Every structure is written in C-alpha cells, then in structure tokens.
Amino acid sequence: MRTLAVVGGGVIGLSAAWRAAGAGFTVTLFDPAVGSGSSWVAGGMLAPLSEGWPGEDAALEFGAASLARWPKFAADLRELAGIEVFVADQTMTVALDAADAADLRTIAHFVNAHDLPMLAAKDISGDGDSDLADDTDAAARLRLLDRAGVRAAEPSLGRGVRAALLAVAEPAVDNRALVTALRAACVAAGVEFRAERVEVLADLPHDRIVLATGAAAAQLWPSLPIRPVKGEILRLRRRPSAPPPPRRVIRARVHGRPIYIVPRGDGIVLGATQYEVGFDTEVTAAGVRDLLTDAEIVFPGLGEYEFAEATAGFRPGSPDNLPLVGHLDDRVIVAAGHGRNGILDTPVTADAVLALLEGEPLPAARAADPRRFPSVAASGVPESSTAASLYPGGVR
C-alpha cells in the first residue's frame, strides 16, 4: 500500500489528492478549513496568453500546457460531481490609452510568435467546437481589435476603450464551483480529510508528502522562496435594472492599476488589488474604492449592480513568476508558488505531481523544478519548521 499525505486543501492540493487516489495511493488530506482560502476568493481566469510578456517564455509555455489540459480536467469533474465549472469562453484585454494599446501589440507579437501546438484547434471550453477562429492558423490565438471591433464584440464597454486584445482560447471558471467539484471528486476517489494543522512535515507517517499550502508553504519549508501577495476581490450581484455583464472576461489597466471583470451566473467578480503586506486579510476602503472606480470606466453599467461581497486572499509569489513543483527530498514534493495562476495551473500541476510520485517527471513542468533556486533544501525536513496559522491555497 502506498500512502500519501497532502498538506493544504486549496485547488492545487485537492487536485493532487484526487489524481493520486485515482492512481492507487491511499491519500489523506490535511487542512483545518478545506477550500476556504485563496481558492475561494479567486477570479478563475485561465489567461496564459493574455498575460504573456517578452522574456517570460517558460511561464507562457507552462500556462499553455495547463490550459490545454482544462477540457478533460473539467469534463472529468463534470462526470464525477455533476458540476459545470466554465463561466466564460474568451478573454478580452482592453486599452484606454496609446501606451496600453502599444503593450497589447507587444503581447500579441510575443505570443503569436511562439509555437504552442498544445493549443492548436483546441476545444478549451468543452462545448464540442474549436475555440480558435481558424483551426489551421495558430496565430489566431490572439487578435488585435480596433475601437469598432471592441464595440461589436462587447457593446456595453465604456466609450473610452480604444483597442483590445482578444484571446478566443482563454475561458474562465467559477472557482467556488471548482472547489466544490474537487471536494466531491476526492470523496469519490476515497481521499480521507483531516481538519488538522500539520506542524512538522517529518511527523507525518506517510510514505510520500505533497506540500500544497500556497503562500504559507515557506512556513513548513523555510528555504522555499514563496511569499504572500495580497489581493482584494469584490463580488457584485446583478439587479433587475442593471445591464448584463460582458460575455467575456474583461481585463484592463486603469491609472496604472490592473483590473479584471469575470462574469458569473448572478453577476460579476471584480479584482484585484496587489499589495506586498504579508498575511493581511483585511479589505481596505481604498482597495474597494479603486476597484469600483476603475471598473466603472471600463464597464459603466457596473454602478447598477448590488455590492455583495469583499474578500482578500494571498497569491503565492515566486521570484520568477513560475510555480515550484518538484522534489524537496526523496519523500516531500512541493506544489506551490503559482502566483496569479493557481486556477489556471491546476491541471498541469496535478499531472506533474502524479508523474513525480510515479517516478517519471512531466516534461511540461520541467521549468517549475524548485531546484532552480539555490536556497531550496536538497534533502531533510527542517526540524524547526512550523505550520502557518492558515493554509491560503494561493490562487489569483
């Protein structure tokens, strides 16, 4: 019998536990409040292409490899839990001034110059149709739209939008539906849940351990270069008098501050601020003000929506914006540090963890090897390591 302890119950830990149990491991998942951290707060965007930038080739390819896995991942969850997780099929990044429009051109040229065969003619949203306009043209992954094109695609956006970058292969998921589906999948696979806080990894009796506590991972393995990056997110509910939300995910930069608007069945998710303030979960008045003010410039109808919720979570940041997925020693595997892309990177991370457990590293996850950082301990669990007071399960 092969036993596995998964420490951390965000979407990364849940997906690793589910896949490992399905492969024959006896899995115990430790978390005092499964799915209650940043996995519950997240926006759910799957946007590796729109977030591409020259020089970040490894991050683009890692994210694209995970995006390509999402159709089967979501279909498996739908079959097991009866829950549909997709909420939008495409992503549009809009520009309000000439500088932002120039950045969109830079992103388009960078991404479209890459050979990403894993996304060619993919049915990303799982609706039975290819999500690329031209199945034979890989360059169609990102398209630049002028003002008229933006108005035709999303007429509810503000008149100040002058250009956009359309990613037809980038959907979004409902993060809370995803957490619910993953919990159900784990139960079906026989995963044991323990509402316990792990204080020292070496105390666990299991054959193997997966460390998936997001931004808190360094508190159990101090040499990990992972830090919390606070993000505040709002949820707005549509009232009868309000216009419907955009059909696509809308991303923008307003006064230098990034925002995104993600549709939900009952309204929208609006995010997200970004602060380097440690494990601070308080939502600030300034953060709420900036998000609402900036978003209303992009989507003027927002003011008619009901203010439903304001929450904060922790993106688990790494020095190079890539996660850490790999061996820390012969027994412990880390799966953390996903930054803004925890939801996006869930399928490829689960596959990578299972491959490591089986002794065959996943080529698509090679760039995430934690040994690229000299500070990462090569062997031995630090005896002084203690658990965090919470397991954020870091995602954006």
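Which residue in β13 is the bridge partner of I261? It is L270, and the tour will come back to that pair once the setting is clear. The model is predicted, with local features requiring pLDDT of at least 70, side-chain atom pairs counting only at pLDDT 80 or more, and totals for chains, interfaces and linings using all residues. Residues are numbered from 1 along each chain as its sequence is written, and side-chain values use heavy atoms, with hydrogens and water left out.

**Stop 1: the eight-stranded sheet**

Select the open sheet of eight strands, whose order is β5-β6-β4-β11-β12-β13-β10-β14 with mixed pairing. Strands here are DSSP runs of E with at least two residues, helices are runs of H or I with at least four residues, and both are numbered from the N terminus; two strands pair if DSSP finds at least two bridges between them. At the edges stand β5 (142–145) and β14 (306–317), each with a single partner strand, so one side of each is left without a neighbour in the sheet. From one strand to the next the twist averages 20 degrees, where axes are lines fitted to C-alpha atoms, for helices over the stretch in contact, and angles run from 0 to 180 degrees between N-to-C directions.

Next, select β12 (residues 257–264), of which six of the eight residues are buried, meaning under 20% relative accessible area, with exposed meaning over 50% and partly exposed in between (1.4 Å probe, protein chains only). On one pairing, β11 (residues 249–254) runs antiparallel to β12 over five bridges, and V254 stands opposite R257. These two strands form a hairpin with two residues between them, and H255 in the turn has a positive phi of about 55 degrees. On another pairing, β12 and β13 (residues 267–271) are antiparallel over five bridges, again as a hairpin with two residues between the strands; this is where I261 meets L270.

Moving to the β5 edge, four bridges join β5 to the antiparallel strand β6 (residues 163–167), and L142 has A167 in β6 as its bridge partner. Add helix α4 (residues 98–112), which lies across β4 (91–95), β5, β6 and β11 and runs at about 155 degrees to β5. Then add helix α7 (residues 285–298), which packs on the sheet and touches β4, β10 (227–237), β11, β12, β13 and β14, its direction making about 75 degrees with that of β12; contact means heavy atoms within 4.5 Å.

**Stop 2: the six-stranded sheet and helix α8**

Now select the open sheet of six strands, ordered β8-β2-β1-β9-β16-β15 with mixed pairing. Its edge strands are β8 (192–194) and β15 (324–327), each of which pairs on one side only, and the twist averages 15 degrees from one strand to the next. β15 pairs with β16 (residues 332–336) in the antiparallel sense over four bridges, with L324 standing opposite A336.

Helix α8 (residues 346–357) packs on this sheet, touching β1 (3–7), β9 (208–211), β15 and β16, with its direction at about 10 degrees to that of β15. Why can α8 be called largely enclosed by the rest of the structure? Because 10 of its 12 residues are buried, among them V348, A352 and L356. The cover over these buried residues includes β1, α1 (11–22), α3 (57–81), β9, β15 and β16. After α8 comes G359, whose phi is positive, near 85 degrees.

**Stop 3: the aromatic cluster**

The structure holds five aromatic pairs; rings of Phe, Tyr and Trp (its six-membered ring) pair if their centres lie within 6.5 Å, and planes under 30 degrees apart count as stacked, over 60 as edge-to-face and the rest as tilted. Select W18 and F73, an edge-to-face pair at 5.5 Å centre to centre with 65 degrees between the planes. W18 lies in helix α1 and F73 in helix α3, so the pair ties together parts that are 55 residues apart in sequence, and both residues are buried.

Then select W70 and F86, whose ring centres are 6.2 Å apart with planes at 65 degrees, so this pair is edge-to-face. Both W70 and F86 are buried. Ring pairs link W18, W70, F73 and F86 into a cluster.

Finally, display R19, whose charged end sits over the ring of W18, 4.2 Å from its centre; the criterion is NZ of Lys or CZ of Arg within 6 Å of the ring centre and within 35 degrees of the ring normal. Elsewhere, the charged end of R183 sits over the ring of F193, 5.6 Å from its centre.
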